[in-house]
Structures are given as structure tokens and as C-alpha cells.
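Good morning, and thank you for coming. I should like to take you through one protein model today, beginning with a single residue and working outward from there.

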Amino acid sequence: MSGVAWAADAAGVGGGMASIAQFVPLILIFVVFYFLLIRPQQKKAKEHQNYLANLKKGDRIITGGGIHGVIAGLTDTVVTLEIAENVRIKVSRGAIAGSVAETEKQAPAKGGG
């Protein structure tokens, strides 16, 4: 019977290190998620915020809904787009997805024969 008590006592002494070792895989998973998912997303969001802050009149942009236009006017929260001659719409700054030039760079060229 003393052998069982001895084993239980030994497990209690080393249990502190064993419980810390159980968290190591969890910590490693969090680190991997941070560097592969969270950090790049934060960087992209920061770049988009800088882009929106640096908009100026005459820039060709595309909205999140796919509307292409030229900036005709700006305020802190609203952008006036000219989408055709004498046709203007107002959209929120947050609705702007990016520059038309950037989307044309990313789109593959169509082969014409």
C-alpha cells in the first residue's frame, strides 16, 4: 500500500511542470495565428485607412459595390463621385474599396488572339 501512496505523492510534486507543459501547444497555436492571420490583417487595414485619409479630388476609385468613378468632392465622411458626365453620387468614405489603377494591376490581362 505504501507504493501507491509514494506514486501519488511523486505525481503531486511534478504536477506543476506537467500543467505548464499542457499549455505550450495552445500558446504555439496562438503565436502561429497571430503571425499568419491577425498581424497581416491589421497591416492591411492600416494601409487602407491611410489610403482613405489621403484621397484627393480627381482620384479614380472603385467602391465596395463595384461603382467606378472620379472624386469630385470630399468631406470628412462623404465622397462625391462623378460616375458619368454630370452624374454625381455621394458615398461614405468607408465604402471606397480602392483605386481603379490598383484593381487594373491586379486583374489578369485578357488575351485577344
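Let me begin with Thr80, which is buried at a relative accessible area of 16%. I should say at once that this is a predicted model, and everything I report was computed from it. Thr80 sits in strand S3. Directly across from Thr80 stands Gly73. If we set aside the neighbours within four places in sequence, the contacts of Thr80 are Val70, Ile71, Ala72, Gly73, Arg88, Ile89 and Lys90. Please keep that list in mind as we turn to the sheet.

First, the overall plan. The protein has two helices and five strands, and from the N terminus the order of elements is α-β-β-β-β-β-α. The five strands make an open sheet, ordered S4-S3-S2-S1-S5, and their pairing is antiparallel. At the edges are strand S4, residues 87–92, and strand S5, residues 96–99, each of which pairs on one side only. From one strand to the next, the twist averages 45 degrees.

We can now place the contacts of Thr80. Strand S2 spans residues 68–74 and strand S3 spans residues 78–84, so Val70, Ile71, Ala72 and Gly73 belong to S2 by the strand limits used here. Arg88, Ile89 and Lys90, for their part, fall within the 87–92 range of edge strand S4.

How many bridges join S2 to S3? There are four, and the two strands run antiparallel. Within this pairing, Val70 has Glu82 as its bridge partner in S3. The two strands form a hairpin with three residues between them, and Thr75 is found in that loop. Is Thr75 buried, partly exposed or exposed? Thr75 is partly exposed, because its relative accessibility of 43% lies between the 20% and 50% limits. Its C-alpha atom is 9.6 Å from that of Ser92, although 17 residues separate Thr75 and Ser92 in sequence.

On the other side of S2 we come to strand S1, residues 60–63, which pairs with S2 in the antiparallel sense over three bridges. Here Val70 appears again, this time as the bridge partner of Arg60. Val70 is therefore bridged to Glu82 in S3 and to Arg60 as well. The hairpin of S1 and S2 has four residues between the strands, and Gly66 in this hairpin takes a positive phi near 95 degrees.

Strand S1 also holds a second threonine of interest, Thr63. Thr63 counts as buried, because its relative accessibility of 6% is under the 20% limit. Beyond its sequence neighbours within four places, Thr63 is in contact with Leu81, Val91, Ala95, Ile96 and Ala97. For Thr63 and Leu81, which are 18 residues apart along the chain, the C-alpha separation is 9.9 Å.

That brings us to the core. In soluble globular proteins, nonpolar side chains tend to be buried together. In this model the largest nonpolar core has eight residues, namely Leu52, Leu55, Ile61, Ile71, Val79, Leu81, Val91 and Ile96. Let us look at Leu81 in particular. Outside its neighbours within four places in sequence, Leu81 is in contact with Ile61, Thr63, Gly69, Val70, Ile71, Ala72, Val87, Arg88, Ile89 and Val91. Among these partners, Ile61, Ile71 and Val91 are also listed as members of the core.

A word on aromatic residues. The count comes to one aromatic pair. The rings of Tyr34 and Phe35 form an edge-to-face pair, with 5.2 Å from centre to centre and 85 degrees between the planes. Tyr34 is partly exposed at a relative accessible area of 30%, and Phe35 likewise counts as partly exposed, at 48%.

Finally, some totals for the whole protein. Of its 113 residues, 17% count as buried. The accessible surface comes to about 9000 Å², with 63% of it belonging to carbon and sulfur atoms. Of the contacts with a separation of 6 or more, 33% are between residues 24 or more positions apart.

To return to our starting point, Thr80 is a buried residue of strand S3, standing opposite Gly73. Thank you; I shall be glad to take questions.

Note on methods: Residues numbered from 1 in each chain as written. Predicted model: local features only at pLDDT ≥ 70, side-chain atom pairs only at ≥ 80, totals over all residues. Heavy atoms only, no water. Phe/Tyr/Trp six-rings, centres within 6.5 Å; stacked < 30°, edge-to-face > 60°. Buried < 20%, exposed > 50% of the residue type's maximum accessible area, 1.4 Å probe, protein only. Core = buried A, V, L, I, M, F, W, Y, C linked by side-chain atoms within 4.5 Å. Contact = heavy atoms within 4.5 Å. Areas by Shrake-Rupley, 256 points an atom, 1.4 Å probe, with all protein chains shown as cover. Axes fitted to C-alpha atoms, helices over the stretch in contact; angles between N-to-C directions.
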